[in-house]
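Morning, everyone. Let's take a quick walk around one structure. Please have the sequence and the 3D view open.

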Amino acid sequence: MADLEIRGLTKIFPGGMRALDGLDLQIQDGEFFALLGPSGCGKTTLLRSIAGLETPNSGEIHIGGRDVTRLPPAARDVAMVFQDYALYPHMTVADNIAYPLKVRRVGRKERREAAESVGRSLQIQGAMLDRRPGQLSGGQQQRVALARAIAYRPHVFLFDEPLSNLDARLRLEARTFLKQLQRELGVTTVYVTHDQAEALALADRMAVMDQGRIRQLDTPSNCFLRPANTFVAAFIGSTPMNLLPATVQEGTFEVAGQKVMIPEAIRAKVSVGDTVILGVRPEYVSVSPTELPGSLTGTVRVLENLGVDSLVTVEVGDLRVQATVPEERVPAVGDRIWLAPDQRRLLAYRQDDGEQVGAPKVAQSDAPALVPGAE
Ligand code: ATP
C-alpha cells in the first residue's frame with residue numbers, strides 16, 4: 001500500500017482556474033518525491049491540498065492508509081517547510097524548533113532537550129539556540145525551519161521550494177545535506193520545485209506537471225533520458241533537447257532535407273510517410289569536421305561556453321541543432337560540421353499529441369499543449 005495516495009484530486013479556484021485536474025498519484029513509504037513543473041502548473045496547490053491548507057472540489061487524499069481528505073491540517077501528521085521558512089520572529093530559535101511540541105503540551109524541560117538534540121544534528125547549537133530568527137543568516141534560518149519540521153516527527157514532510165531563498169553555493173550544500181538527512185530519517189517526503197536540477201538531484205521519483213495534470217511520473221533518470229513527451233523533453237535538461245520535425249522514409253528519417261538513420265528500437269513503431277518530432281539531447285550529438293555516416297551537416301552559428309563543454313548551435317537547412325562539444329574539439333563560427341545523433345538516445349514523438357511514438361493515444365480533446373508555453 002502506498003504511504004501517500006491521491007485519487008482523482010480536482011481543485012477549481014473561484015473564478016474557474018482548474019489548478020488540479022483529476023490527479024492520481026501514489027508515493028511509497030520513505031520515498032523522496034519531487035513535484036516539478038513550470039510556474040502555475042499546480043505544484044503548490046497539490047502540496048497545500050495534502051497539508052490540508054486547500055480544500056479540493058473532489059477526490060481523496062490518504063496518508064499512511066488513513067483518509068485525511070476532510071481532516072484539518074493539524075490532524076494529518078504532516079510537517080511543511082515553506083520557501084520563506086515562516087519562523088516566529090518573536091521566539092528564540094530553540095522555541096521555534098520546539099513549537100510543535102508545545103502545541104502537543106510537552107513540558108518546557110523536554111522541549112529544550114528536544115530543541116538541543118534536533119538542533120545539534122543540523123549544526124544549530126550553543127548561543128544560536130537563544131537568538132531570534134532575525135539574527136540568523138538565510139541558510140541558518142532554513143536549517144531552523146527544517147529542525148522544526150523534524151521535531152514534529154511527522155509521517156510526511158512537505159517541502160515548498162525550501163532552498164530557493166539561498167544563494168547558489170549554499171543551495172547546493174543544502175541540497176546534499178537535505179538528501180542525506182531525508183535518508184537518515186526515512187520520512188516520506190514530497191518536495192515542490194520549479195528547478196529541474198534540484199528535482200533530478202534529490203528525488204527517487206518525480207512527477208512533471210502541466211496544467212494540473214501529470215505529464216510524466218518516473219525516476220529522474222528516465223525523465224532525463226527518456227522523456228515521455230515533448231513537454232517533458234523541452235522542460236528537463238540544462239540545455240534543452242533538440243526537437244526536430246522529420247518525415248519517415250524507407251529506413252531513414254528526413255530532417256531538413258537530409259537523412260538520419262531510424263534506430264532499431266523505433267523502426268517498428270513508425271510507417272513510411274509519418275511525420276514525427278525527433279528528440280535528441282545536445283549531450284548525445286557527436287560533432288565532426290568530416291562526414292560521419294548517418295549524420296546531418298550544417299554551419300556553426302553560435303558558440304556558448306558551458307564550463308567543461310561548449311554548446312554549439314548549428315544551422316541545418318531551416319532548423320537549428322545544438323550539440324555539446326569538449327574544449328579541444330570546439331569548431332569556429334562559420335565552420336561546416338557534421339552532427340551524428342547517438343542512435344541509442346534518439347527519440348521520436350508523434351506530431352499531433354507530442355507523446356512518444358508507440359505510446360497509447362490520449363483522447364484528442366484531453367491532449368495538453370505540445371511544449372511548455374505553446375498553446
Ligand atoms: P509556482 O511555481 O509559480 O508557485 P505552482 O505550480 O505552484 O506555481 P500553483 O500555485 O499551484 O502553481 O497555482 C496553480 C494555478 O492556480 C495558477 O494558475 C494560479 O494562478 C492559480 N491559483 C493558485 N492559488 C489561487 C487562489 N487562491 N485563487 C485563485 N487562483 C489561484
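Which residues surround the ligand? Keep in mind that this is a predicted model. The ligand has F13, M17 and A19 around it, along with P38 and S39. The list goes on with G40, C41, G42, K43, T44 and T45.

Now sort that shell by class. Five residues are nonpolar, five are polar and one is charged. Where does the largest share come from? Look at helix α1, residues 43-51. Helix α1 gives three residues to the shell.

Next, zoom in on the ligand's oxygen atoms. Start with C41. Here the backbone takes part: one of its N or O atoms sits 3.1 Å from a ligand oxygen. Move along to K43. Its side chain has an N or O atom 2.9 Å from an oxygen of the ligand. Then T44. A polar atom in the T44 side chain lies 2.7 Å from a ligand oxygen. How much of the ligand does the protein bury? On its own, the ligand exposes 640 Å². The protein buries 61% of that.

On to the pockets. How much space lies in the largest pocket? About 530 Å³. The lining has 19 residues, and those closest to the pocket's centre are V78, A79, M80, Y88 and Y152. Find those on your screen.

Which elements supply at least two residues each to this lining? They are β6 (78-81), α2 (93-103) and α4 (138-151). The largest share, four residues, is from strand β6. What about class? In the lining of the largest pocket, 17 residues are nonpolar and two are charged. There are no polar ones.

Now the second largest pocket. Its space comes to about 230 Å³. Here 15 residues form the lining. Closest to the centre are A265, I266, L346, L347 and Q356. Two or more residues come from each of α9 (264-267) and β20 (347-350). Helix α9 gives the largest share, with three residues.

How do the lining residues of this second pocket divide by class? Eight are nonpolar, two are polar and five are charged. Set that beside the largest pocket, with its 17 nonpolar, no polar and two charged residues.

To recap, three stops. At the ligand, α1 supplies the largest share of the shell. In the largest pocket, β6 has that role in the lining. In the second largest pocket, that role goes to α9. Thanks, all.

Terms used:
Residues numbered from 1 in each chain as written. Predicted model: local features only at pLDDT ≥ 70, side-chain atom pairs only at ≥ 80, totals over all residues. Heavy atoms only, no water. Near = heavy atom within 4 Å. Polar contact = N/O pair within 3.5 Å; in protein donor to acceptor, adjacent residues only side chain to side chain. Areas by Shrake-Rupley, 256 points an atom, 1.4 Å probe, with all protein chains shown as cover. Nonpolar A, V, L, I, M, F, W, Y, C, P; charged D, E, K, R; others polar. 1 Å grid on protein atoms, 1.4 Å probe; cavity = no way out; pocket = protein on both sides within 12 Å on 5 of 7 lines; lining within 4 Å. Points joined across faces, edges and corners; volume = space filled by probe spheres on them.
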